[in-house]
Structure formats: structure tokens, C-alpha cells
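This report goes through one protein chain, beginning with its aromatic residues and ending with model confidence. Please keep the sequence and the structure in view while reading.

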Amino acid sequence: MESDSTGHLSDYSHIKLRPNPRDGTTSGGGEDGGGGDGEEAIDQCLLVNENITLEEFERCPFWKKSKIVPPKGSTIHVNPTVINGRLGVIEDGGGELLGYLPTRFNFLRLCIEQGGSYAGEVSGSTTTPVPSVRVSLSSQ
């Protein structure tokens, strides 16, 4: 498991988000969307995240129903609402839940609440030693 936080949004107070262009609100960082102290804000919402190993793959519907791993290149997206309190990744072909993003990506929930969406593809998968899936995500 890659869990390295408490899973609360307060764990991500260090994340600096740019103002939402739609309504000008910000989350995290200073009022200007930057971190204050003259540092330039990095929009975490726009960063590409590669080779993320999904958690709980074997407990999710995709594996339970098919007993196969999705092939590399399969398209996926992050579910816009939380599933069981977590950010779930859905396989686009069948619409089944593949797994959950590690909690270190919980900041994406704030980005989604600001109107962001995330999609990508399976960057790797294996059945040995245990079934697992890696995905790459980018903002859409």
C-alpha cells in the first residue's frame, strides 16, 4: 500500500492551487493562489501523474467479475464522486471500478470539486506475484 497520510483533506494544506478561473476561488496556498513568500504557485491539478499503482485492485468489481487485468493502453478515468470515501478509477470499456488512488492523491478531490476531471490509461498490469494495475492520469 502507498498510504502515507491520514486520508484527511487537511493533509494537503501544503498543496497550492491556482484560482478557479470560473469563480476566482482558491483552495490551499494564499489568497492569490500562490504560497505567499513570493513563491510561484504550481498548479497541482494540472500535473501529469504516471505509473500510479492502484490500491485494492483485487477487491474491486473489475477483478472480481473478470479475473483478468486490463491491457496496457486501456482508457480510464477518475470517478467524479468518491466511492467508499476514496477516489476510484474506472475502466472506460466496461465501466467497472478498477481500484482506488493512493491517499497521497486525495488532493485531486479538491481539483475535481473545482471542476477538474482526470483521465488516462493503464500504463501496466500484471497477475504475478499479485494482480496489480498501474495507471497514468492527466487533467482533461
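## Aromatic residues

In this predicted model, Phe 57, Phe 62 and Trp 63 make up one aromatic cluster. The structure has three aromatic pairs. In one of them, the ring centres of Phe 57 and Phe 62 are 6.4 Å apart and the planes meet at 40°, so this pair is tilted. The angle falls between the limits of 30 degrees for stacked and 60 for edge-to-face, and therefore neither of those labels applies. Both Phe 57 and Phe 62 are buried.

Phe 105 and Phe 107 form another tilted aromatic pair, with 6.4 Å from centre to centre and 35° between the planes. Phe 105 has a relative accessible area of 5% and is buried. Phe 107 is also buried, at 7% relative accessibility. Both values are under 20%, the cut-off for burial, which is why the two residues are classed in this way.

## Strand pairing

Strand β6 has two pairing partners described here: β1 and β5. The pairing of β1 with β6 is antiparallel and runs over three bridges. β5 and β6 are likewise antiparallel, with eight bridges. A hairpin of five residues connects β5 to β6.

Leu 137 in β6 is a point where both pairings can be followed. Asn 49 stands opposite Leu 137, and Gly 120 also stands opposite Leu 137.

## Asn 49 and its surroundings

Asn 49 belongs to strand β1. Is this residue buried or exposed? Asn 49 has a relative accessibility of 13%; because the limit for burial is 20%, it counts as buried.

A polar atom of the Asn 49 side chain lies 3.4 Å from the backbone oxygen of Leu 47. Apart from neighbours within four places in sequence, Asn 49 is in contact with Phe 105, Val 135, Ser 136 and Leu 137. Of these, Phe 105 is the buried residue described above as part of a tilted aromatic pair, and Leu 137 is the residue opposite Asn 49 in β6.

## Backbone features

Two residues other than glycine have a positive phi. Asn 51, in strand β1 (residues 49–53), has phi near 55°. Its relative accessible area is 44%, so Asn 51 is partly exposed. Lys 67 has a positive phi of about 55° and is located in the loop between α1 (61–66) and β2 (75–78). With a relative accessible area of 52%, Lys 67 is exposed; the value is over the 50% cut-off, which is why the label differs from that of Asn 51.

Which peptide bond is cis? The bond from Thr 128 to Pro 129 is cis, and its omega is near -5°. Pro 129 sits in the loop between β5 (118–126) and β6 (132–139), and the hairpin that joins these strands passes through five residues.

## Confidence

The average pLDDT of the protein chain is 82, and 71% of the residues score at least 70. Over residues 27–36, pLDDT stays under 50. For this stretch the model has 22 contacts beyond four places in sequence.

Technical notes: Residues numbered from 1 in each chain as written. Predicted model: local features only at pLDDT ≥ 70, side-chain atom pairs only at ≥ 80, totals over all residues. Heavy atoms only, no water. Phe/Tyr/Trp six-rings, centres within 6.5 Å; stacked < 30°, edge-to-face > 60°. Buried < 20%, exposed > 50% of the residue type's maximum accessible area, 1.4 Å probe, protein only. Helix = DSSP H or I, 4+ residues; strand = E, 2+ residues; numbered from the N terminus. Polar contact = N/O pair within 3.5 Å; in protein donor to acceptor, adjacent residues only side chain to side chain. Contact = heavy atoms within 4.5 Å. pLDDT = per-residue confidence, 0-100. Pairing = 2+ DSSP bridges.
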